[in-house]
Amino acid sequence: MNRAIRTVAVIGSGVMGSRIACHFAGIGVQVILLDIVPPALTDAEKAKGLTLENKQVRNRIVNDAFQATLKSKPAAVYTPKVASLIRTGNIDDDLHLIAGCDWVLEVVVERLDIKQQLFEKIDKLRKPGTLITSNTSGIPIHLMSEGRSEDFQQNFCGTHFFNPPRYLRLLEIIPAPKTKPEVIDFLMDYGDRFLGKTTVLCKDTPAFIANRVGVFGFMAVFKAMQQLGLNVDEIDSLTGPILGRPKSATFRTGDVVGLDTLVHVAKALPENAPNDEAKDIFTLPPFLQKMVENKWLGDKTGQGFYKKVRVPFPQSPEARGDEKKSEIQTLNLETMEYGPKQKSKFATIEAAKPIDDLAQRLKVLYKGQDKAGEFYRLFHHLLFAYVSHRIPEIADELYKIDDALKAGFGWEIGAFESWDALGVAKVLEDMKAAGFAVADWVPQMLAKGFTTFYKTENGQRKYYDIPSQSYKVIPGAGSFILLEHLDEKVVWQNSACKLYDIGDDVVALRWNTKMNSIGGEVLEGLQKSIGIAEEKYKGLVIANGGANFSAGANVGLIFMYAAEQEYDELNFAIRQFQAGTMRLRYSSIPVVVAPHGLTLGGGCEMCLHADAVQAAAESYIGLVEVGVGLIPGGGGTKEMAVRASDRNIKEDVEVNYLQQLFINVGTAKVSTSAHEAFSNFVLRPGTDSISINPDRRIADAKRKVLLLSDKGYTQPAARNDVKVQGRGGLGGLLSGIHGMWRGKYISDYDKFIAEKLAHVMCGGDLSQPTLVSEQYLLDLEREAFLSLCGQKKTLERLQSILQTGKPLRN
């Protein structure tokens, strides 16, 4: 059956249901979002004289939930306009609409009886072949479809999304006993290519894979915390980015996910998995029981392990009066009272912080001799023992457990990958000495001479397959190009960059610096890579690994040159950057940039000058230099003037477009998604594209390079026809700047920077609109950049960024 998903019904509009609906709308699918009719009127509805028969009352639950989701932070949608694709209604009046749907997702309360009653109604209304799936986080899938029609059962399975579904990439697919194989194949592929998910095929076991191991991870942290006498703030400092976990670490993640979900899984596991050797660890600690009793369930109830409160300003000036500020307070698990967050400091953490490579950093953390080191050893021993015993119970292949943890909980590397990084044999010795027992297959693997769970051969990543006692290629990996696993394909490198042959006469440039910042060695790599590609290949892809594409130019280097007044060196560095981006623009081969995550400053400038951009949906792109007291100096300011010139519209509207571009740069605006980057005029319709699944962006970029090459790519001619507005445009921009300054929206120095930016974007002091060359604009841009580097307030802002990570508002 050739399936197409045009319309989806999501039944249940709670935190998960509304966000799943938004995610489908984000990829252009029509959505019908339904929920129950409220049982009673609110006081406000009574005051308006409404009854339970009024439509606005009957749809109140779904509409309130949907509006709350649209206002939530971080945003549930790629761009607000997709909300128009979602139609709301209620189950009593509108369930018949599912007859026109291709997929019906159930996301109602976690009660088997309610789900079964709903499925009975759905079975009578659905058209044959319609997909029916449940988003349950733990109810056995095989129980839900009992008694339903044969066609229903053949097209039914579990599809477990993780909250928030836009950002957490895991989609667990759990077949029911009669699910057709082609349905599973379709969902695995659709989840990957269209929803951008890491799809993991699961067994119908308690809590499936991610929650089974992830919730164990939470409980293991609780156990280690109590055993070592640590507090909430200390645990979150130990289990966040330093460990390759999200900033939300342990307790903040618990608040986001919802403690009711955590508790539901933890309570159910000992009963549903009586043979789990670690079932005792799922016993709820007293503090967690108390929090559930108090309904301190996290974000959904306004407080959990953390709580936002309003407190008076310390030593408040008279002018503040009764004004208060927001403060995040932490729950003391002994007193069950909230108080100010406590700063944590461990020698092990301080030693590990400078190490960028996570695998190397893990070794330092594991070997720590303070309480932090004790925590890391205890936690990892608990985790490694547990995952070893879960095979083959919850998964036959170990990579599925790692994929689920990375995509569902935001871990940078999975459990078995972490064990590899620390050394399988050495850690196993430590575990035996500490009294931890692992599954028999692990020492058997080592006895056979296999020392790691993963290895890479000929650019293919393989996992250790337990039944065959051999390494096998990870299925589906051929659809992705992961540069970090292609060291055998390196054709050139320096200390920061590597250039890889990714097949079909295409090369890819990747660099590895702190936050993937751009300095001299990266610019050398850019020039060298283009040169090699022009000589031997069809084209070049520029892409990076890690969490972000690039945080921009090396701020430390700029600060050093500026502070020491090395203006010749600074001038050379800016020229080098401009030369690099212009080489991107005017190479003889197509160059496609594939950004993801933070793509700021110089990273954005690379995108602006590429032949095309293949951006991950979660790309946050913008020119942010104004925030550190500068203007874009790598061709970004010039490019905004070029794009204003290229708008083939009337002159007065052209000035308005210039103003919008100026505002975007002048306010350091960053798109909240690749979709929004089109609205911000950073990405170009018809030229640039989006990969919903970030793992596909490099392969997609490679296809785009080949398409451009096969069409007969021609090196562009240098531009001498850029129309700038001169004093006419400058006057309007300066007027706007003055208004912002008079309204106290910007500081004196912000005003000074904005005037420099306006001067460049309008082409300088020209008496009328004039055609100029790109080089003319680059010279103006570089002159303004250098002049700002000599300002004391710019140095203060740069120093603040280096010391605190935040710009100083002076």
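**A helix pair and two nonpolar cores**

In this predicted model, Glu605, Leu608 and His609 of helix α25 are in contact with Gly636, Lys638, Glu639, Met640 and Arg643 of helix α26. Sorted by class, the residues that make up this contact of α25 with α26 are two nonpolar, two polar and four charged. The two helices, α25 spanning residues 602-609 and α26 spanning residues 636-645, pack with their axes 10 Å apart and at an angle of about 40 degrees, and the crossing in which α25 passes α26 is left-handed.

Helix α26 itself is mostly covered, since ten of its ten residues are buried. Among the buried residues of α26 are the charged side chains Lys638, Glu639 and Arg643, and these three also belong to the contact with α25. Gly636 and Met640 of α26 are likewise buried, and both meet α25 as well.

We turn now to the nonpolar cores. In soluble globular proteins, nonpolar side chains tend to be buried together. Here the largest nonpolar core comprises 122 residues, and those with the most contacts inside this core are Phe305, Phe375, Ile401, Phe416, Trp419, Trp441 and Phe453. Helix α10, residues 210-228, gives the most to this core, contributing twelve residues.

Phe453 can serve as an example of the surroundings of one such residue. Leaving aside residues up to four places away in sequence, Phe453 touches, among others, Phe416, Trp419 and Trp441, which are themselves listed with Phe453 for the most contacts inside the core. The partners of Phe453 also include Asp420 and Lys462, as well as Tyr463, Tyr464 and Tyr471. A second core, separate from this one, has 78 residues, including Ile518, Phe559, Leu584 and Leu766.

Key:
Residues numbered from 1 in each chain as written. Predicted model: local features only at pLDDT ≥ 70, side-chain atom pairs only at ≥ 80, totals over all residues. Heavy atoms only, no water. Axes fitted to C-alpha atoms, helices over the stretch in contact; angles between N-to-C directions. Helix = DSSP H or I, 4+ residues; strand = E, 2+ residues; numbered from the N terminus. Left-handed = near helix turned anticlockwise from the far one by under 90°. Contact = heavy atoms within 4.5 Å. Core = buried A, V, L, I, M, F, W, Y, C linked by side-chain atoms within 4.5 Å. Buried < 20%, exposed > 50% of the residue type's maximum accessible area, 1.4 Å probe, protein only.
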